[in-house]
Amino acid sequence: AITVTNEAPVITQCSDIVGSFIPGTLFSNDVNATDGSGDVLTYTLASFTHTGLGPGTPNHQPTFSTSNGVFGWQTESNNNNDLGTWTATVIVSDGCAADTCSFNISVVFNFKLCIGGAPKYPIDSTVPSYVVDTIGVLNGQTACAYINIHDGYALGGFDLLVAYDKSGMSPDSVLALDELSGWEYFTYRMSANSNCSGGCPSGLIRLVAIADLDNGHSPLPSDFLLDGNIVKICFLVTSDRNFIGQCLPLTFYWLDCGDNTLSSYTGDTLFAMQNVDTLCLKGGKPGHVIRPIIDFCNAMICIHQPPDDRGDLNLDGIANSIADAVLYSNYFISSSTDVFDQTWLDVVILASDVNDDGTVLTVADLVYMIRIITGDAQPFPPGGNPKMSPSSGQANAIVSVGSDRVTVTANSSVDLGGAVLTFRYSGLTVGDAALSSAASQMVVRTKADRGEVRVLVVPPMSVKGARIDAGVNEVLSLPISGEGTIELVSVEMSDASGALLSTTSAKSNPLPQSYALLQNYPNPFNAGTVISFNLKEATDWSLQVYNITGQTVRTFSGSDAAGQVQVSWNGSDNSGNAVASGVYFYRLNSKNFTATKKMTLMK
């Protein structure tokens, strides 16, 4: 008898492969086996199947050597169907016996989420290594950044948190781009609504999007694949020239494990940053995992030094000329940048910082420009060194409203070089302001339009060193006529050297010289109105509101000292019921005065 013995082959190497998805990547593996009988072994790839994430249809079939067990598979160069986990089953046989093994090939996608934008100006400074893009901008301009995702994989949503330096810029707009046009939900939240309260290190913007809301309308398969700019965020950059030369960070920011994550289109996998906290990776159930495979890159918005056009507001190439001063005065008296060249408005606004204190469009800049024109000061050199020293002085504008004029008195710790004041009025006729004797060295301009009057007081361009002495001085008076109201809504003052002062305002109303019932304001009115009347002396008074048929609708009464009294009426009767739209009359009765006026309620 012949006895034949055979030792079955034993597979000694059959390991898994894990690799990043790069289109055109070659994945290779060696399957090794031994055979104690020395038989010739045959290697067979029994199956190659997709068992993990991704669409799962390979565009290239793997190659396999039957003689030495060398496995090779190249991913498609322009398709991501090869993403996911693949299982290869190999059989090794000596003709009589066989051994079997399986190994996995995990094709892991590495996302790249970036903030970027095309720079407008060359970047000369060295930026940190984590920044891959810089966005150049001038003071006061709008800078836009783009959030983009590279090498798209089928996604179902994202939750991103972006931090910006709120000391130098503020969000202007947030826009979802065409790459998200097939997605069904996008929103953004800012500041406290970004789930951050208390001492947040900077401003925050949260961006949330979902591709399919499962509402019966499904996006196209291609809509789940993102590859390009997905969101545009624009920021208004500060006009403070002290920020010139600085780069403001714009970065992804984390408050918890859910920030800056992407969801697979099936929702069973959350993609997170590559070095995500290990605590975030714990607790996931089988088949529902967090994959730390996202690379992030950030940007900086750099504020560049513009050409030094300071003082050249009309952009004719001659700085601090009479024409520039006239144009600057027109701006203050109109309170509108429409007086400037709109094509070069950003440049003009920067050029307005004549006193080089970092603050644009102030009356102190105009005062310093006039000092240059009169030969009392020299322009600051390019580069901003030296700069105007901040003024330590303070000033207070005291406004007194009389029966025929408004008087403005300045209480200043230093000599004054100029001021711009804005009043709001109703029911009055306002004339041109006249300077008092204390301000006789100055010139004044007045403009009244649509309920607002602006008054500009500056030195003349022909007198050197003109000023208003420190202390308490009446500066100007503004003639008024009619029955109505007027109030100072803003004031800005400069010292005589051309430095901006810390300025406040106060109201000092003299006692009325006569009784008066004023026109209600607003009129016509909707939600409510205020009825004012002047009492020459202390007295009891009553105020009745009548409808057009003479019926009493509402009654007010009181007892007040001499001065102005204000009564608010919300359009309700004595029972608290709202009255109808129409014409109403109000009548004031006091010991020595009676008057009636008409008003209109419109709903």
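**Exercise 1. State what share of the contacts in the chain, among those with a separation of 6 or more, comes from residues 24 or more positions apart.**

Solution. Contact means heavy atoms within 4.5 Å. Among contacts with a separation of 6 or more, residues 24 or more positions apart account for 70%. The model is a predicted one, in which local features need pLDDT of at least 70 and side-chain atom pairs count only at pLDDT 80 or more, while totals for chains, interfaces and linings use all residues. Residues are numbered from 1 along each chain as its sequence is written, and side-chain values use heavy atoms, with hydrogens and water left out.

**Exercise 2. Describe the chain as a whole by its helices and strands, its buried share and its exposed area.**

Solution. Step one is the inventory: the chain has 3 helices and 38 strands. Helices (H or I, at least four residues) and strands (E, at least two) are DSSP runs, numbered from the N terminus. Step two is burial: of the 603 residues, 45% are buried. Buried means under 20% relative accessible area, exposed over 50%, and partly exposed in between, with a 1.4 Å probe and protein chains only. Step three is the surface: about 28400 Å² is exposed, and carbon and sulfur atoms supply 49% of this area. Accessible areas come from the Shrake-Rupley method with a 1.4 Å probe; for residues, only the protein chains shown count as cover.

**Exercise 3. Decide whether Ser 218 and Ser 264 are buried or exposed, and name their contacts.**

Solution. Begin with Ser 218, which is found in the loop between strand S16 (203-210) and strand S17 (228-237). Its relative accessible area is 59%, so Ser 218 is exposed. Leaving aside neighbours within four places in sequence, Ser 218 is in contact with Glu 184 and Asp 212. Glu 184 is 34 residues away from Ser 218 along the chain, and their C-alpha atoms are separated by 8.7 Å.

Turn next to Ser 264, found in strand S19 (residues 261-264). With a relative accessible area of 1%, Ser 264 is buried. Not counting residues up to four places away in sequence, Ser 264 touches Ala 154, Leu 155, Gly 156, Thr 269 and Phe 271.

**Exercise 4. Identify strands that pair with S17, and the edge strands of the sheet S32-S33-S36.**

Solution. Two strands pair if DSSP finds at least two bridges between them. Strand S12 (residues 142-150) is joined to S17 by 8 bridges and runs antiparallel to S17; in this pair, Thr 142 has Leu 236 as its bridge partner. Strand S14 (residues 169-176) also pairs with S17 in the antiparallel sense, over 7 bridges, and Met 169 stands opposite Val 237. S17 is mostly covered, with 7 of its 10 residues buried.

In the other sheet, 3 strands form an open, antiparallel arrangement in the order S32-S33-S36. Strand S32 (516-517) and strand S36 (563-569) stand at the edges: each has a single partner strand, so one side of each is left without a neighbour in the sheet. Strand S33 (residues 529-535) pairs with S36 over 7 bridges, and Phe 533 has Val 565 as its bridge partner.

**Exercise 5. Check the span of helix H1, then determine what covers H1 and what H3 packs against.**

Solution. The expected span of a helix is 1.5 Å times one less than its number of residues. Helix H1 (residues 322-334) has 13 residues and should therefore span 18 Å; its end C-alpha atoms are 18 Å apart, which agrees. The buried residues of H1 include Leu 327, Tyr 328, Tyr 331 and Phe 332. Among the elements covering them are helix H3 (363-373), strand S24 (416-426) and strand S30 (485-495). Ser 335 follows H1 with a positive phi, near 60 degrees.

H3 is mostly covered, with 10 of its 11 residues buried. Those buried residues pack against H1, S24, S28 and S30. Just after H3, Gly 375 takes a positive phi of about 80 degrees.

**Exercise 6. Find which strand supplies the largest share of the lining of the largest cavity.**

Solution. On a 1 Å grid over the protein atoms alone, a cavity is a set of points where a 1.4 Å probe fits but cannot get out, and lining residues have an atom within 4 Å of a point. The count comes to 4 cavities of 30 Å³ or more, and the largest holds about 70 Å³ of space. S24 and strand S29 (471-481) each supply at least two lining residues. The largest share, 4 residues, comes from S24.

Notes. On a 1 Å grid over the protein atoms alone, a cavity is a set of points where a 1.4 Å probe fits but cannot get out, and a pocket is an open set with protein on both sides within 12 Å along at least five of seven lines; lining residues have an atom within 4 Å of a point. Grid points are joined across faces, edges and corners, and a volume is the space filled by probe spheres set on the points.
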